[in-house]
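Let's take a walk through this assembly, from how its copies are arranged down to a single side chain. Have a look at the picture first, and then we'll start with one term that comes up along the way.

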Number of protein chains: 6
Amino acid sequence: MKSDRYKRGWEKLKEIDGHAGERVIEALKDIAPDLARYIIEFPFGDVYSRGILSLKEREIATVAALAALGNAQPQLKVHIHGALNVGCTRQEVVEIMIQMAVYAGFPAALNGMFAAKEVFVERDKEGQSN
Amino acid sequence: MKSDRYKRGWEKLKEIDGHAGERVIEALKDIAPDLARYIIEFPFGDVYSRGILSLKEREIATVAALAALGNAQPQLKVHIHGALNVGCTRQEVVEIMIQMAVYAGFPAALNGMFAAKEVFVERDKEGQSN
Amino acid sequence: MKSDRYKRGWEKLKEIDGHAGERVIEALKDIAPDLARYIIEFPFGDVYSRGILSLKEREIATVAALAALGNAQPQLKVHIHGALNVGCTRQEVVEIMIQMAVYAGFPAALNGMFAAKEVFVERDKEGQSN
Amino acid sequence: MKSDRYKRGWEKLKEIDGHAGERVIEALKDIAPDLARYIIEFPFGDVYSRGILSLKEREIATVAALAALGNAQPQLKVHIHGALNVGCTRQEVVEIMIQMAVYAGFPAALNGMFAAKEVFVERDKEGQSN
Amino acid sequence: MKSDRYKRGWEKLKEIDGHAGERVIEALKDIAPDLARYIIEFPFGDVYSRGILSLKEREIATVAALAALGNAQPQLKVHIHGALNVGCTRQEVVEIMIQMAVYAGFPAALNGMFAAKEVFVERDKEGQSN
Amino acid sequence: MKSDRYKRGWEKLKEIDGHAGERVIEALKDIAPDLARYIIEFPFGDVYSRGILSLKEREIATVAALAALGNAQPQLKVHIHGALNVGCTRQEVVEIMIQMAVYAGFPAALNGMFAAKEVFVERDKEGQSN
């Protein structure tokens, strides 16, 4: 039986990350189903459901952090999708990367920008408007 | 003669970081005045003046990135002040740190939270309302 | 009412980190009680309680990771205590740091070693045998 | 003439990393043979030969550190092989990655898990039992 | 109208990074032309034009830093080209990577070395003498 | 009996890092004398003794890398001393930090600069001319 945290988290994950998030969960099923469950329960069931910050503000924080760390490009791409899904414009995503040039250096900003470019191309192919 | 970028950046730095920002610039004067000038011109004169993202959104991105990197506590504290100066509530700063537990781990979230706690104490002492 | 995850986590936290862990939770109470609760529920209630790896092996992994990252000295010290509490010898902790010289460089190994030295001094003062 | 450190290191490298380790040394031969020699002499001839920690415990530390750092996927994969070669089970490797979600964040855990998945597939193809 | 910083930066970028640098600027044109302009103006127009350190010394610093960070391989490759373009020999680049084994660990040194190997192959194909 | 690597390394360590280096070795004596020996043998006996890059160029690489990583301030300070001991001017050290603003962000540059400032004060007190 799924816990309330799980149900709430699964809805939140679909709302924010859409298919990209579901694919991550799917890819974990055979090797580490418990990690898949934790991802749904803790980040999405507990943290993203807290309110106080809007989902858009939470995704700005996440995209900034992942671009600054620079060692998690697949997750950065998932969360650029997420940011766009919850109300960021493409131009706002571009601005986050420019902001990171100041705090994490130009290579971090460039690699974040090229990740954004890939995401924008993917969304154009899928016919998404932003 | 100061460039327009410098003048615009100096006003922006005072608006965002307040005295904490001015102290950083002051501390650089004897050892690296050009780095002080670059900080005013590029991050503040160029980047923070771009619009598109609000100053509050830019500070959410910055606080998240510095908490995730975890190797720049003095700058993290300056930007927690900055976030509060441009419209974040203390509770929103706390939420950014909780969000970072997911993306950079619990130690990063804890160290960010304790930096926030120090900043809140400083602001209480100065009689600031948020 | 505390969840089962909370109760299980609180027992596990006391078993592993002892007073050092309780002090972290205490320090969060006024600023971010929910983060304190998450730390008890997720790392300790969920992860440390999983079995498969022994607590000693989990602490070897944690001490190695924190020494390699090099940006979370307070948590590194808590987990050096933790490693010693669940069965590592001091000499084994020293070996983890030497191992990190290979994978994260000599500065990471040195800073990890000096953190260990501080922990050993604290434990000598408290009259602990290892 | 090879030093004792070199001979001891070469045996240790073959014991731990197997063909994956030999391929790294081979790839360095034309560009930096001295770095290849240092790798054999220092990490393997000096450090892995120290005892006190078992080889399994050393690989737990190494896999944890590389997963947490998140910027050395080829070496992470070599050492997941290494861990399995010296006595870790696949399930134990999976647990190390789950543990890293706590200390380095979910993206680090995910990227470590997917590296493990690739290694497991490689070993299945080679008909290895663990 | 281009600023003096832009003109000076553009010449400097071509001198140091050559076609590799121009390609980065080109790739930014459609998504973030302002970031392209900032790269020309600040790193190249302001910083690389400062003197005091030679361009060779600046590239030694840059290659070392990017190899140590280990999360910006495309930029590391651009700057290995840059180092060779402003007077480093291939053997000197190899030595920078060996030096990084000490300060950032063997995985960072290895990944830096393999980036150098790729750059050397590219330059051999283009018929460049160093 | 000390190996040739040890003797060569000890001389090199004294030449480069001076008293600051000797103090690090001394501090390891009671807790991890083997790590002290490895530091003398591998970084100093093997790597710094290789030639090809001058000691000044090796210290430029090291100071840049440690400033960029930003998580090893004590070692950064030791190597700023080292850089000055083997021929860098203070102004050149300042330039390395400015260069790091581009590749690791302004916080890294600032923290590197303030480390340099502390070193310069220490050297003024000791009456050193650079």
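A polar contact here is a pair of N or O atoms within 3.5 Å, and within protein one of them must be able to donate a hydrogen and the other to accept it. Keep in mind, too, that you're looking at a predicted model.

With that term in hand, let's go to His79(A), which sits in helix α4 (residues 73–85) of chain A. Is this histidine buried or exposed? His79(A) has a relative accessible area of 5%, and since buried means under 20%, it counts as buried. Its side chain makes a polar contact of 2.9 Å with the side chain of Glu59(A). Leaving aside residues up to four places away in sequence, His79(A) also touches Asp17(A), Tyr48(A), Thr62(A), Val63(A) and Leu66(A), and from chain B it touches Tyr103(B).

Now hop over to chain C and look at helix α4 there, again residues 73–85. How far apart are the end C-alpha atoms of this helix? They are 18 Å apart, and that agrees with the 18 Å that its 13 residues should span at 1.5 Å a residue. Most of α4(C) is covered, with ten of its 13 residues buried. Among them are Leu76(C), Val78(C), His79(C), Ile80(C) and Leu84(C). What does the covering? From chain C itself, it includes α1 (4–28), α3 (55–69), α5 (90–104) and α6 (106–125). Neighbouring chains join in as well: α6 (106–125) of chain B and α5 (90–104) of chain D. Just past the end of α4(C), Gly87(C) takes a positive phi of about 120°.

Let's step back to the whole chains. Turn chain B by 180°, with 0.0 Å of shift along the axis, and it superposes on chain A with an RMSD of 0.0 Å. The two copies are therefore related as by a two-fold rotation axis. In chain B, the C-alpha nearest that axis belongs to Ala65(B), 2.1 Å from it. These copies meet through the same surface, because 100% of the interface residues of chain B are also interface residues in chain A.

Chain E tells another story. A turn of 120° with a shift of 0.0 Å along the axis lays chain E on chain A, with an RMSD of 0.0 Å, so these two are related as by a three-fold rotation axis. Here the copies use different surfaces, with 6% of the contact residues of chain E recurring in chain A. Within chain E, Asn71(E) comes closest to the rotation axis, its C-alpha lying at 3.2 Å.

Technical notes:
Residues are numbered from 1 along each chain as its sequence is written. Chains are lettered from A and ligands numbered from 1 in the order in which they are written. This is a predicted model: local features need pLDDT of at least 70, side-chain atom pairs count only at pLDDT 80 or more; totals for chains, interfaces and linings use all residues. Side-chain values use heavy atoms; hydrogens and water are left out. Copies are superposed by least squares on the C-alpha atoms of residues with pLDDT of at least 70 in both. Contact means heavy atoms within 4.5 Å. Helices (H or I, at least four residues) and strands (E, at least two) are DSSP runs, numbered from the N terminus. The expected span of a helix is 1.5 Å times one less than its number of residues. Buried means under 20% relative accessible area, exposed over 50%, partly exposed in between (1.4 Å probe, protein chains only).
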